[in-house]
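Visitor: I am new to this structure and would like a close look at one single part of it, followed outwards step by step until I can place that part in the whole. Please take your time over it.

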Amino acid sequence: MGVVTGAMVFGPDGTGAPLPGHRALEPVPGGDLVELAYDYGPNLVPAPGEVGSMWRYHALLPLDPAPVAYPLPVGGTPLVAPVGLREQLGAPNLYLKDESRGPTGSNKDRATALVLEHGLRRGARTATCASTGNVAVSLAVGAAAAGLGAVIFVPAAVEESKLRLMLLAGATVVKVARGYGVAFELSRRTARELGWLDRNTGVNPLTLEAKKTVAFEIWEQLGRRSPDVVLAPVGDGPTLVALAKGFRELRACGVTDRLPRLIGVQAAGCQPLRVAFEQGGPPEVVEPRTIADGIAVSRPVAGARAVAEVRASGGAFVAVEDAEMLEAIGLLARRAGVIAEPAGAAALAGFRRALGAGLVGSEETAVVLVTGSGLKTPRFLAPSGTAVEIEGSPAEVDRLLAPRR
Ligand SMILES: Cc1ncc(COP(=O)(O)O)c(C=O)c1O
C-alpha cells in the first residue's frame, strides 16, 4: 500500500491507537475532517484495465496487501453515456455515474465495505451508525454478509421501505424521535463506550477514503481523463468532499493535471450549505423540509469542508425543489433506464438548473452522480401511463396494437 504520510489515527471509532504504518493525527487545514495522505506517484494508480471493483485502488486505500475478506461486490459502477437524456437536455457530453448499482443500491456501499473490511481484519464483532436511510441499509446488509452485528440509529421519520430492509437483514434498529442529529450523537457515544466499529459518515476517515474511489473510476472510465464538472447531491458532505480528494490525489500522482469544478446540489427545503456558500459564514442549522431523505440534513457533519471544496474547485451550489427531483426521477427512468430515489436524482435536477443558470456549458464534459436507487423508495416512482387490462384473447391484442401496425 502507499505509505500514509499525513497523519492518521484510527481505532474502531475513527480515533484511538494508530494502525501500523500510520502516524499521529494532524488536522487538515481549513477542514473539519481528518484526512489520510499517501506517498503519491504514478505507481499508486492501476495500469489501464477493467474498472471492476473498488479494491482495484488498494494502493490508494489504507489497506495492507492482504486478500479482501468483505464478501459483497462493491464499486466498479457504470459511467453511462445516456443518449436519450443527452438529446433531451441538449448536453452531448453528459454522463451519469450510476452509483445505484451497489449491493444495496447507493454510494454508501463503498464506505461500508472499507469500514467493515478494516473491522474484519481487526476481529471486530459489531458496527454502528446513524443514518437517514441509505447508510443504515448498507451497513445492515453489509454486516450481515460479513457475519457482524449492526446496531443502527435512525430518525423516527425513516422511510418505511428502508427500515424494512434493515430489519430484514437482521440489524438492531433504534428509532430516535429527536431526529438524525441526535441519532448521530447516540451512535457515536455507543461506539466509543462499547468499542464498536463506528461507521458514521464524515467522522470515520475510512468513509472518505472509500468514497473517493468514485473519482478514480470516473477518470478511468473517461479514458484516463478528468471531466470539466461533476455534480453531486450534498447532505452531510462527504460524498462531495471525497470526490474532491479523489481528483486531487490523481493530480498528486501525476496522472492528470486538472481538477473538475464541483457543483453541490441541495434540496430547496434544506439548503444550509448553498446559503453558506453564497452568503459566507458558517452554515446555519435548518429544519429539513424535503422528500429527499439522504440530503435532509439540518447540520451537515462535513458542511464547512464541502463549501470550501466547492469554492476551491471554482464550482457552485444549487438548490432544487422536490418537484424537480421527481421530474428528474422520471427523466432518468425514461431517458436513461436508471431508477433513482429523490436524493439520487437530485444531481440531475441540479444539472438542469446549472445549465439554465450558465454554471455549466452545454458542451462541457459533465458527470452527474446518481447516488441512490429508486427501488428502495417505490412511493416516489410516478408512472408515465397506465396498464391496459384485457381478457386474454389475441383479438384484443390486435385491436390494442392496431395503431402501431
Ligand atoms: C441517495 C443519497 N444521495 C446523497 C446523499 C448525501 O451524501 P453525503 O451525506 O455524503 O453528502 C445521501 C446520504 O445519505 C444519499 O443517501
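Guide: Two residues are said to be in contact when their C-beta atoms, placed from the backbone, lie within 7 Å. With that in mind, and remembering that the model is predicted, let us begin at P342, which is found in helix α12. Leaving aside its neighbours within four places in sequence, P342 is in contact with I291, A292, D322, M325, L326, I329, T377 and F380. P342 counts as buried because 28 other C-beta atoms lie within 10 Å of its own, where 20 or more are enough for that label. The C-alpha atoms of P342 and G374 are 7.6 Å apart, although 32 residues separate the two in sequence.

The helix that holds P342 also leads to the ligand, since α12 (342–356), together with α3 (134–146) and α8 (238–252), supplies at least two residues of the shell around that molecule, as does each of the other two helices. The ligand is surrounded by 19 residues, and the closest of them are G235, T239, G294, T371 and G372. Sorted by class, this shell has 11 polar residues, 6 nonpolar ones and 2 that are charged. Residues of the shell come both from domain 1 (79–105 + 207–380) and from domain 2 (106–203), and therefore the ligand lies between the two domains.

This brings us to the way the two domains meet. The protein is divided into domain 1, which is made of the two stretches 79–105 and 207–380, and domain 2, which covers 106–203. Their centres, taken over C-alpha atoms, are separated by 23 Å, and 30 residues of domain 1 are in contact with 23 residues of domain 2. On the side of domain 1 that touches domain 2, α6 (205–211), α7 (213–221) and α8 each supply at least two residues, and the largest share, 4 residues, comes from α6. That side of domain 1 divides into 14 polar, 9 nonpolar and 7 charged residues.

The largest nonpolar core is another place to look for a link between the domains. It has 115 residues, and those with the most contacts inside it are A140, I152, L231, A346 and V368. Because domain 1 and domain 2 both give residues to this core, it too lies between them. Taking V368 from that list, and not counting residues up to four places away in sequence, we find that V368 touches L94, L96, L231, A347, L348 and F351.

Stepping back to the whole chain, the secondary structure comes to 13 helices and 10 strands. The radius of gyration is 21 Å, close to the 22 Å that the globule rule gives for 405 residues, so the protein is as compact as a globular protein of that length. The C-alpha trace spans about 75 × 45 × 45 Å along its principal axes, and 52% of the 405 residues count as buried. Among the contacts with a separation of 6 or more, 71% are between residues 24 or more positions apart.

A few single residues elsewhere can be set beside P342. V286 has its place in the loop between α9 (272–279) and α10 (303–313), and V286 is partly exposed, with 18 other C-beta atoms within 10 Å. Not counting residues up to four places away in sequence, V286 touches C270, P272 and S298; from V286 to P272, 14 residues apart along the chain, the C-alpha separation is 6.6 Å.

R224, in the loop between α7 and β7 (229–233), counts as exposed, because it has 12 C-beta neighbours inside 10 Å. Its phi is near 60°, a positive value in a residue other than glycine.

L44, finally, lies in the segment before β1 (79–80) and is buried, with 21 other C-beta atoms within 10 Å. The C-alpha atoms of L44 and T365 are separated by 26 Å, with the two residues 321 places apart along the chain.

To return to where we began, P342 is a buried residue of helix α12, and that helix is one of those that supply at least two residues of the shell around the ligand.

Note on methods. Residues numbered from 1 in each chain as written. Predicted model: local features only at pLDDT ≥ 70, side-chain atom pairs only at ≥ 80, totals over all residues. Near = placed C-beta within 6 Å. Nonpolar A, V, L, I, M, F, W, Y, C, P; charged D, E, K, R; others polar. Domains from an automatic or database assignment. Rg over C-alpha atoms; globule rule 2.2 N^0.38 Å. Core = buried A, V, L, I, M, F, W, Y, C linked by C-beta atoms within 7 Å.
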